[in-house]
Amino acid sequence: MTMKLIRLKYTKWFNISKDGLVKNNPIVIAVLGICSSLAVTNRVENAIAMGLGVTFVVMASSATISLMRKLIPPKVRMVTYMVVISAYVIAVQMVLEAYFPTIAKQLGAYVGLIITNCIVMGRAEAFAVKNPAKYSLIDGFASGMGYMFVLVLVSIVREILAFGTLLGMQVVGDQWVNWVVMAMAPGGFFVLGLFIWGIRELTKYYETA
């Protein structure tokens, strides 16, 4: 009986992780967080910083909301989510400004806009308010990593094409001509669209009317 419960527990953890990373990937499948994914993926370091920031906020806010779920009146649940999320976003912003000022400057207002990121609010409403904290942490981690995975893939392509660098290191020859459009949002939109199409083809995910 004990072994069966352990298998069920790990199966649930695996399914939650799989949903966040692949089956319900925030960007590829749910098409959430598109604005920030276009804005911060011109360089890999920016994508990593934003991905880690969102992952921390999703995990921390989901766990907190899960612990408070029986105390939150239904009429004010959205306001409560915003207050909780805001507290963790401010913490992320303070850490970036204190220890990574260059990245904080490059990300600009987009760190603060994590508060309105549909991924964070969506996981709070769809999962955290209905499940225990331990599962909410896993769901938050998987959703954040799924978001970060796509951001890093897009930023690798964009940084190489736009600047000829990868994590600030030159990776192409001196004859390389930078693709200026890849440093801009339209270039990011094009690359992201190709990734969404490619991943949906590989996973055989098709939306039906």
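Helices (H or I, at least four residues) and strands (E, at least two) are DSSP runs, numbered from the N terminus. Before we start: this is a predicted model, where local features need pLDDT of at least 70, side-chain atom pairs count only at pLDDT 80 or more, and totals for chains, interfaces and linings use all residues. Residues are numbered from 1 along each chain as its sequence is written, and side-chain values use heavy atoms, with hydrogens and water left out.

**Exercise 1. The whole chain**

Task: Find out how many helices and strands the chain has, and what pattern they follow along the sequence.

Solution:
- Step 1. Count the elements: there are 8 helices and 2 strands.
- Step 2. Now read along the sequence, and you get α-α-α-α-α-α-α-β-β-α.
- Step 3. Check burial, where buried means under 20% relative accessible area, exposed over 50%, and partly exposed in between (1.4 Å probe, protein chains only). Of the 209 residues in the chain, 41% are buried.
- Step 4. Look at contacts, meaning heavy atoms within 4.5 Å. Take those between residues at least 6 apart in sequence: 74% of them join residues at least 24 apart.

**Exercise 2. Two helices and a ruler**

Task: Work out how the reach of H4 compares with its expected span, then do the same for H7.

Solution:
- Step 1. Get the rule: the expected span is 1.5 Å times one less than the number of residues in the helix.
- Step 2. H4 (residues 77-99) has 23 residues, and 33 Å is expected. From first C-alpha to last, H4 reaches 34 Å, which is close.
- Step 3. H7 has 31 residues and reaches 43 Å, close to the expected 45 Å.
- Step 4. Go one residue past the end of H7: just after this helix, Gly164 takes a positive phi of about 75°.

**Exercise 3. Who hides in H4, and under what?**

Task: List the buried residues of H4 and name helices that cover them.

Solution:
- Step 1. The buried ones are Thr80, Tyr81, Val84, Ile85, Ser86, Val89, Val92 and Leu96.
- Step 2. Their cover includes helix H3 (44-68), helix H5 (101-107) and helix H6 (118-126).
- Step 3. Zoom in on Ser61, which sits in H3. Not counting residues up to four places away in sequence, Ser61 touches Val84, Ile85, Tyr88 and Val120.
- Step 4. Ser61 has a relative accessible area of 0%, so this residue counts as buried.

**Exercise 4. How H3 packs**

Task: Describe how H3 packs against H6 and against H7.

Solution:
- Step 1. Two packed helices are described by the angle between their axes and the distance between the axes. Axes are lines fitted to C-alpha atoms, for helices over the stretch in contact, and angles run from 0 to 180 degrees between N-to-C directions.
- Step 2. For H3 and H6, the angle is about 25° and the axes are 9 Å apart. That makes the pair roughly parallel (under 35 degrees counts as roughly parallel, over 145 as roughly antiparallel, 65 to 115 as roughly perpendicular and the rest as oblique).
- Step 3. Pick out the partners: Val57, Val58, Ser61, Ser62 and Ile65 in H3 meet Ile119, Val120, Arg123 and Ala124 in H6. Sorted by class, this contact of H3 with H6 has 6 nonpolar, 2 polar and 1 charged residues (Ala, Val, Leu, Ile, Met, Phe, Trp, Tyr, Cys and Pro count as nonpolar, Asp, Glu, Lys and Arg as charged, and the others, Gly among them, as polar).
- Step 4. For H3 and H7, the angle is about 165° and the axes are 8 Å apart. So H3 runs roughly antiparallel to H7. Their contact has 19 nonpolar, 8 polar and 1 charged residues.
- Step 5. Turn to H6 itself: Ile119, Val120, Met121 and Ala124 are buried there, under cover that includes H3, H4 and H7.

**Exercise 5. Residues in loops**

Task: Decide whether Lys130 is buried or exposed, and find what is unusual about the phi of Leu167.

Solution:
- Step 1. Lys130 lies in the loop between H6 and helix H7 (133-163). Its relative accessible area is 59%, so Lys130 is exposed.
- Step 2. Beyond its neighbours within four places in sequence, Lys130 contacts Arg69 and Glu125.
- Step 3. Leu167 is in the loop between strand S1 (165-166) and strand S2 (169-170). Most residues other than glycine have a negative phi. Leu167 is not a glycine, yet has a positive phi of about 55°.
- Step 4. With a relative accessible area of 47%, Leu167 is partly exposed.
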